[in-house]
Amino acid sequence: MTISRRTVLSTAATAATAALLTACGGNTGRGGGGSGGAGPRLAQWYHQYGETGTEQAVERYAAAYGKAEVTVQWRPGSYDEQTAAALLTESGPDVFEVNGPSLDQIQGKQVVDLTDLFAGVKDDFSPAVLAPKTHDGRIWAVPQVIDTQFLYYRKSLLEDAGVRPPRTLDALVDAAKALTTKKTKGLFLGNDGGAGVLGGTPLHAAGLELVTADGKVGFDDPAAARALGKLHRLYADRSLLLGAPADWSDPSAFVQGLTAMQWSGLWALPVVKKALGDDFGVLPFPADGSGGKPSVPVGAYGAAVSARSEHKQAAKAFVKWLWIEKTDYQEDFALSYGFHIPARLSLAKKAAKLRAGAAADVVRFTTDHGYAQPLLWTPASQTAYQDGLSRVIKDGANPESELRSVVRKVTAELDRVRKKA
Amino acid sequence: MLGEGGAGRRAFGTQNRTLWFWVFVGPFLLGLGVFTYVPLGWSVYLSFFDAHNTVTPSDFVGFGNYTEMLGNKAFTDSLWTFLLFSLFIVPTTFVLSLALALMVNRTRGAQAFFRSVFFLPAACSYVVAALIWKMSLFNGVRFGLANTVLGWFGADQTAWLSTTHPPWYWLVVVTVRLWLQAGFYMVLFLAGLQRISPRLYEAAAVDGARPGWQVLRHITLPQLRTTSVAVVLLLVINAFQAFDEFYNLLSDARGYPPYARPPLVYLYYTALGQGQNLGLGSAGAVILALIIAVVTVGQARWFSLGNKEG
């Protein structure tokens, strides 16, 4: 068979057209309607959890739902950026996990109001994590689990050095210095020296806030500069572990003996316990100054519904089923894989795993001292604050002047979001 | 039938150059328009609007985004970071790749081997190389390669990417880029060197020129002028595009430190990170594009690019 030039060209043109049409179509994971009699198809997105079994668990929950066909997308990489970009298009998720939503996402009408799902159960959700999901009295996501951060310390190393578990920021600075040896650093606050992960924690420890209840800057106070200045002392004393292969969220540095104390999360507790047995303790970030108090940041991924979903009501019904009605799944998700506090107070109270040892201490710290980043704390405010904190910690920049510049930026941001409201 | 009659032959025959031009060039022009010029135009449009979490904004702010971006210390600092990086990396890579090319060119026995060895890193991705540098060679703990070697001499462990006084992070950023790109430019210089006629060297020897610096200065470098111009242009453009190694070396889940933050990294966080301020990010992109245009035109004039005698 001879192939003419015309045949080659027409075949190539057909293939190119087909490829173009295929590319235009794309598989969004979202169906156009009912499928197989199981109601509409819903795409549900999760960020990639590190704990084994979590992905299979959420797929099992989705498969058990009878009123819609739910497909789970487990998305590794920069999840927050991925969802933020996907919400601008028609190909995003119907239901998605969100470390927020942010105020701009709410004001930009990118997420659906879920207030009515909470009828009769609102009081059973932890107020600390429900507050940042609430704006103008409306709730924009259902908190799934509570994640909290605190200080792990190695009991034997502290005993060998004659150091007591630090209860004040000054004691923490001194302890970190005393625990630093040729092989082991005193404290690990992340490879950036704590600028990223600590956020408002040192300010809370000094008795201040990021944003006050009436929407003003909460740290325009000399106590803020004093607390941040002490973080520079940790850096200048060379007490901080920096440049570890795994960052603060991973307990590797702590269990490998690279550091005597580490700031990390509740999710790391099973790994630490397995590696060190009872040779560790937990502490909140210690108080600073006479007006200070221990500080424990809490946060929660929430389940939200995209305003661009073609099946908003079906998506809301699924969220209500999974994250409000199916308490057995909620408990399984919180405690069977990683280690988290359930967002429902009733579940947290009855969870056996949270009643003893370090886990019980963490639950107590969280109840007594937990604070969540306020919704008015925008990404632009956070960047300005983190930049300033980084300059204070590493460059020894003057905390007062750095904070003055941050206060200006945050005030402008608060004005901006108020104008949009 | 089409193509066999006279009219068809005129429409589709080889003599209809206009038709075939569009058949072959059209799809690429269409792609260029849809994927480059439309987004570019839309970005310029967005830069005049308050566009938080939207690409179809309605609040016109005029030059507000531009004044905000130019008054933003984080952005202006990122421009200085880039300038410092370019001022260092362009001449260093130029000199290193030229030196490698001269060395390899002189090697008679295993030239292909050395050429391959120096060129091979160019096949490695910036992301992979940056992660190797960050996790293995220059991590800050005692078992990082650099710290292990220094430990043999009794030195303390150094947090290479976290130490700002002295700014050790520059050592990591610069070495990874040198390792990745010096081999590529070496090949360009090698091609240039092999185009130089041996007669010129013979004539120089007859005239009494001493081998080494004198020949390099008066024969080799002038003959490499066109290659050098191309190499410098490519190096400057590459430096402007610096993103991958900075991002992968210095970012973490919580953000990016203010030092060593080139403009593209800052704009990425502004427009595509959690901020999703697409209007402000677009204004920054336009400002950066204008700076690149001015520098490129200035550089082309400086080197008299396009001048036939150049």
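H10(A) and H17(A) sit oblique to each other, so that pair makes a handy way into this predicted model. The label follows from the geometry: helix H10 (residues 222-236) and helix H17 (residues 379-395) of chain A cross at roughly 50 degrees, and an angle counts as oblique when it falls in none of the roughly parallel, perpendicular or antiparallel ranges. Their axes come within 7 Å, and the crossing of H10(A) and H17(A) is right-handed. If you want to see who touches whom, look on the H10(A) side for Leu228(A), Gly229(A), Leu231(A), His232(A) and Tyr235(A). Across from them, H17(A) offers Tyr385(A), Leu389(A), Val392(A), Ile393(A) and Lys394(A). Sorted by character, the residues of this contact between H10(A) and H17(A) come out as seven nonpolar, two polar and one charged.

Staying in chain A, there are a couple of backbone spots to look at. As background, most residues other than glycine have a negative phi, and most peptide bonds are trans. Now go to Asp136(A): it isn't a glycine, yet its phi is positive, at about 55 degrees. You'll find Asp136(A) in the loop between strand S4 (134-135) and strand S5 (138-139) of chain A. Then there's the peptide bond from Gly100(A) to Pro101(A), which is cis, with omega near 5 degrees. Pro101(A) belongs to the loop that runs between strand S3 (95-98) and helix H4 (103-107) of chain A.

Chain B has a cis bond to show as well. This one joins His165(B) and Pro166(B), with omega about 0 degrees. Here the proline, Pro166(B), is in a loop between two helices of chain B, H7 (145-152) and H8 (169-194).

While we're in chain B, turn to another helix pair. Helix H13 (residues 263-272) and helix H14 (residues 278-302) of chain B pack at about 155 degrees, with their axes 7 Å apart. Angles over 145 degrees count as roughly antiparallel, and H13(B) and H14(B) are therefore roughly antiparallel to each other. H13(B) passes H14(B) in a left-handed crossing. From H13(B), the contact involves Pro263(B), Leu264(B), Leu267(B), Thr270(B), Ala271(B) and Leu272(B). They meet Leu278(B), Leu280(B), Gly281(B), Gly284(B), Ala285(B) and Leu288(B) of H14(B). That makes nine nonpolar residues, three polar and no charged in the contact of H13(B) with H14(B).

What does the record say about chain B? An unreviewed UniProt entry annotates residues 79-299 of chain B as "domain: ABC transmembrane type-1". In the model, that span of chain B is 71% helix and 0% strand, and its end C-alpha atoms are 18 Å apart. The unreviewed entry also marks "transmembrane region" stretches in chain B, among them 19-40, 79-100 and 278-298. Residues 19-40 of chain B are 100% helix and 0% strand, with end C-alpha atoms 29 Å apart. For residues 79-100 of chain B, the span is again 100% helix and 0% strand, and the ends lie 31 Å apart.

Finally, how do the two chains meet? The contact draws 43 residues from chain A and 44 residues from chain B. About 3300 Å² is buried between chain A and chain B, with carbon and sulfur atoms giving 47% of that area. On the chain A side, keep an eye on Glu81(A), Leu88(A) and Pro245(A): they supply 15% of the area that chain A buries against chain B, more than any other three residues.

Terms used. Residues are numbered from 1 along each chain as its sequence is written. Chains are lettered from A and ligands numbered from 1 in the order in which they are written. This is a predicted model: local features need pLDDT of at least 70, side-chain atom pairs count only at pLDDT 80 or more; totals for chains, interfaces and linings use all residues. Side-chain values use heavy atoms; hydrogens and water are left out. Axes are lines fitted to C-alpha atoms, for helices over the stretch in contact, and angles run from 0 to 180 degrees between N-to-C directions. Helices (H or I, at least four residues) and strands (E, at least two) are DSSP runs, numbered from the N terminus. Angles under 35 degrees count as roughly parallel, over 145 as roughly antiparallel, 65 to 115 as roughly perpendicular and the rest as oblique. A crossing is left-handed if the near helix is turned anticlockwise from the far one by less than a right angle, and right-handed if clockwise. Contact means heavy atoms within 4.5 Å. Ala, Val, Leu, Ile, Met, Phe, Trp, Tyr, Cys and Pro count as nonpolar, Asp, Glu, Lys and Arg as charged, and the others, Gly among them, as polar. UniProt positions are given in the numbering used here, feature names are shortened, and annotations may be inferred rather than shown by experiment. Buried area is the accessible area (1.4 Å probe) that two parts lose on being put together, summed over both.
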